[in-house]
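These are my notebook entries on one protein chain. I set out to look up its charged pairs, then its surface and its overall make-up.

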Amino acid sequence: PTLLLKNNEKSLAKFAKLWAFQTTLRLDNKIGDRDDLKAINPFFQENDTAIIASNNNIRQSVFFNQSSAVFGADYTYINNQSKQLLTNGLEFKNLVSHLIRWRYNFHPSWTFFNDNAWSEKGNTSEFFSLRDYRIRAYELQASMAFQPSTQFRISGIYKYNYKTNLQQAAVVQSEPVNQKALLNTLAMELRYNQTEKGSFTARFDFIKIDYNDVENTSIAYEMMNGLNIGDNYTWEVVYQRNLNNNIQLSFNYNGRKSENSKVVNIGGAQIKAFF
């Protein structure tokens, strides 16, 4: 609305200027039909026998007071639908999510962030029925950030994530029960930036997971984000350095540790040249 009301200083116009809207639509279809008109029509829904791959994504965001240094909020809706033809048949994936995020700077150096999300994620496989799921998730994340300067910031984070599989059922004491997972996360994150030189980021997470079914399944992997029941620890370090105007060097290291399992370490390095 700001673009349309640049010179309008009425109260209603000032309120309208606080809002911003952004919509993204992407339709990507790959089909085996020889009809040229169908091939160039992104809205055409082909029958399954002709589908090779299909990815349709919609993202709608509404921002309120986005440029304010004190308070801002936004709402984002995401709807992703995909189909892919594999050697063992079609596989369907979908994700629908609603996210409400807001921030409040109650002090020049202190900021409170809050994220609230509801989502439903599904997977359907023609051949591997054990990989089928429809997971409904509720997530709340609260974080407090201390930033005394533009270079340094440290944040404390708490995340609550509850998931339920609405499609399949676990058997507990001879009774069918839907799989459920509860993830509680405490995290600490540190960031240090040097203008035009580089940045350093470090994060440590403690994740407590409760799950009511066996661990070694594709559904359990999805429900527990690749971790295990009980206490889990993850950590990450990323260092980025600009060597000159067109060379950038990056190092990253990730680690995780779960109950009754060994430490997993993953590291990498990357160099980029800009022309």
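Entry 1, salt bridges. I searched the whole structure, which is a predicted model, and the search returned 11 salt bridges. I then looked up several of them individually.

Entry 2, D115 and R101. I found a salt bridge between D115 and R101, with 3.4 Å between the closest N and O atoms. D115 belongs to strand β5 (residues 110-125) and R101 to strand β4, so this pair ties together parts 14 residues apart in sequence. I checked the cover on each partner. D115 has a relative accessible area of 17% and is buried, because buried means under 20%. R101, at 32% relative accessibility, counts as partly exposed.

Entry 3, R134 and E120. I noted a salt bridge from R134 to E120, whose closest N and O atoms are 3.1 Å apart. R134 is in strand β6 (residues 133-146) and E120 is in strand β5, so the pair joins parts that are 14 residues apart in sequence. For R134 I read a relative accessible area of 34%, which is partly exposed. E120 is buried, with 14%.

Entry 4, K121 and E222. Which parts of the chain does this pair link? I first recorded the salt bridge itself, with the closest N and O atoms of K121 and E222 lying 2.7 Å apart. K121 is in strand β5 and E222 in helix α3 (residues 218-223), so the pair links distant parts of the chain, 101 residues apart. K121 counts as partly exposed, at 34% relative accessibility.

Entry 5, a network. I also looked for linked salt bridges and found E189, R191, R203 and D205 joined in a network of them.

Entry 6, nonpolar surface. I located a nonpolar surface patch formed by V70, F71, Y104, F106, W110 and M144, with a joint accessible area of about 510 Å². I followed up F106, which lies in strand β4 (residues 89-107). F106 is partly exposed, with 41% relative accessibility.

Entry 7, the chain as a whole. I counted 3 helices and 12 strands. The C-alpha trace spans about 55 × 55 × 45 Å along its principal axes. Of the 275 residues, 27% count as buried. The chain exposes about 17700 Å², of which carbon and sulfur atoms supply 56%. Of the contacts between residues at least 6 apart in sequence, 50% join residues at least 24 apart. I recorded 30 positive and 25 negative side chains, the centres of the two sets being 8 Å apart.

Notes: Residues numbered from 1 in each chain as written. Predicted model: local features only at pLDDT ≥ 70, side-chain atom pairs only at ≥ 80, totals over all residues. Heavy atoms only, no water. Helix = DSSP H or I, 4+ residues; strand = E, 2+ residues; numbered from the N terminus. Buried < 20%, exposed > 50% of the residue type's maximum accessible area, 1.4 Å probe, protein only. Contact = heavy atoms within 4.5 Å. Areas by Shrake-Rupley, 256 points an atom, 1.4 Å probe, with all protein chains shown as cover. Lys, Arg positive; Asp, Glu negative; His and termini not counted. Charge placed at Lys NZ, Arg CZ, Asp CG, Glu CD. Patch = residues over 30% accessible without salt bridge, like charges linked within 9 Å, V, L, I, M, F, W, Y side chains within 5 Å. Salt bridge = Lys/Arg side-chain N within 4 Å of Asp/Glu carboxyl O.
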